[in-house]
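Colleague: I should like to go through this model with you, one question at a time. Please reason briefly and close each reply on the item requested.

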Amino acid sequence: MTILILGLVVFLGIHSVRILAAPLRDAQIAANEKRWKGLYSLISGLGFVLIILGWIAARPMAPQVYDPPAWGRHAAMGLVWIGFVLLAGANGPVGRIKATVRHPMLLGTIAWASGHLLANGDLASVILFGAFLAWAILDLISAVNRKEPAPVVTKPIADLIAVVGGTVLYAVFVVFLHRVLFGVSPMG
């Protein structure tokens with residue numbers, strides 16, 4: 001469990017700099033944006049690898065905290081799909097998804113984490129997905145408090161790209177990558 005928790009601290013820690021130390025982040029970007037992005041990516045990647053390795057190692061021995069509802073797996077499939085579509089919508093041009101939702105990556109993370117908490121009740125999963133859920137909610141509150149102007153729709157086709165791209169990525173993940181990366185098939 002230690003590796004999982006360390007990975008979460010590293011990954012969510014670097015992703016929390018904007019919440020906890022915005023002036024430090026802004027100063028680093030102003031001083032050398034490429035260096036900041038490189039360091040940010042390196043730390044994020046290290047945290048991500050530790051999370052995966054830690055979860056794989058901890059899950060077989062993790063005690064069951066609660067029994068997920070029988071419908072939890074089905075709900076998870078829908079919520080995770082929504083998460084993938086929102087993630088795709090966050091990383092493209094501004095369409096109605098990004099303009100309306102404002103923070104699609106954070107809401108996608110909330111959907112993804114909530115779905116996994118409905119499908120998994122073991123301690124390793126509760127720690128992993130609970131941490132992401134808590135972080136995404138705190139970051140969303142922080143983002144709303146920053147009062148950034150709403151983005152203006154620049155490319156209506158962006159929504160179609162987000163839905164198709166998110167759905168394709170979701171399908172590849174469900175059918176193949178989830179089992180390869182995490183040793184668990186969401187399809188049973």
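Colleague: Which residues does S44 touch, not counting residues up to four places away in sequence?

Modeller: This is a predicted model, in which local features need pLDDT (the predictor's confidence in each residue, from 0 to 100) of at least 70, side-chain atom pairs count only at pLDDT 80 or more, and totals for chains, interfaces and linings use all residues. Residues are numbered from 1 along each chain as its sequence is written, and side-chain values use heavy atoms, with hydrogens and water left out. S44 is found in helix α3, residues 22–58, helices being DSSP runs of H or I with at least four residues, numbered from the N terminus. Counting contact as heavy atoms within 4.5 Å, and leaving out residues up to four places away in sequence, S44 touches F11, I14 and H15.

Colleague: Is S44 buried or exposed?

Modeller: Buried means under 20% relative accessible area, exposed over 50%, and partly exposed in between, with a 1.4 Å probe and protein chains only. Because its relative accessible area is 10%, S44 is buried.

Colleague: Which helix supplies the largest share of the largest nonpolar core?

Modeller: A nonpolar core is a set of buried Ala, Val, Leu, Ile, Met, Phe, Trp, Tyr and Cys residues joined through side-chain atoms within 4.5 Å. The largest one has 28 residues, of which L4, L8, I51, W55, L128 and F132 touch the most other members. At least two residues of this core come from each of α1 (2–14), α3, α4 (72–90), α6, α7 (123–145) and α8. The largest share, nine residues, is supplied by α7.

Colleague: What separation do the C-alpha atoms of L8 and F132 have?

Modeller: L8 lies in helix α1 and is buried, with a relative accessible area of 6%. Beyond four places in sequence, its contacts include I51, L128 and F132. Although L8 and F132 are 124 residues apart along the chain, their C-alpha atoms are separated by 8.3 Å.

Colleague: Which residue forms a salt bridge with K37?

Modeller: A salt bridge is a side-chain nitrogen of Lys or Arg within 4 Å of a carboxyl oxygen of Asp or Glu, and the structure holds three. K37 is partly exposed at 48% relative accessibility. Its partner is four residues away in helix α3, so about one helical turn separates the two. With the closest N and O atoms 3.0 Å apart, the partner of K37 is E33.

Colleague: How many residues apart in sequence are the parts that D122 and R59 tie together?

Modeller: The side chains of D122 and R59 meet in a salt bridge of 3.1 Å, N to O. D122 is buried, with a relative accessible area of 4%, whereas R59 is partly exposed at 24%. Because D122 lies in the loop between α6 and α7 and R59 in the loop between α3 and α4, the pair ties together parts whose separation in sequence is 63 residues.

Colleague: What is the phi of R102, about?

Modeller: R102 is found in the loop between α5 (96–101) and α6 (104–119). At 32% relative accessibility, R102 counts as partly exposed. R102 is not a glycine, yet its phi is positive, at about 70°.

Colleague: Which element has the lowest mean pLDDT?

Modeller: The mean pLDDT of the protein is 91, and 100% of its residues reach 70 or more. Among the elements, α1 has the highest mean, 97, and the lowest, 85, belongs to α5.
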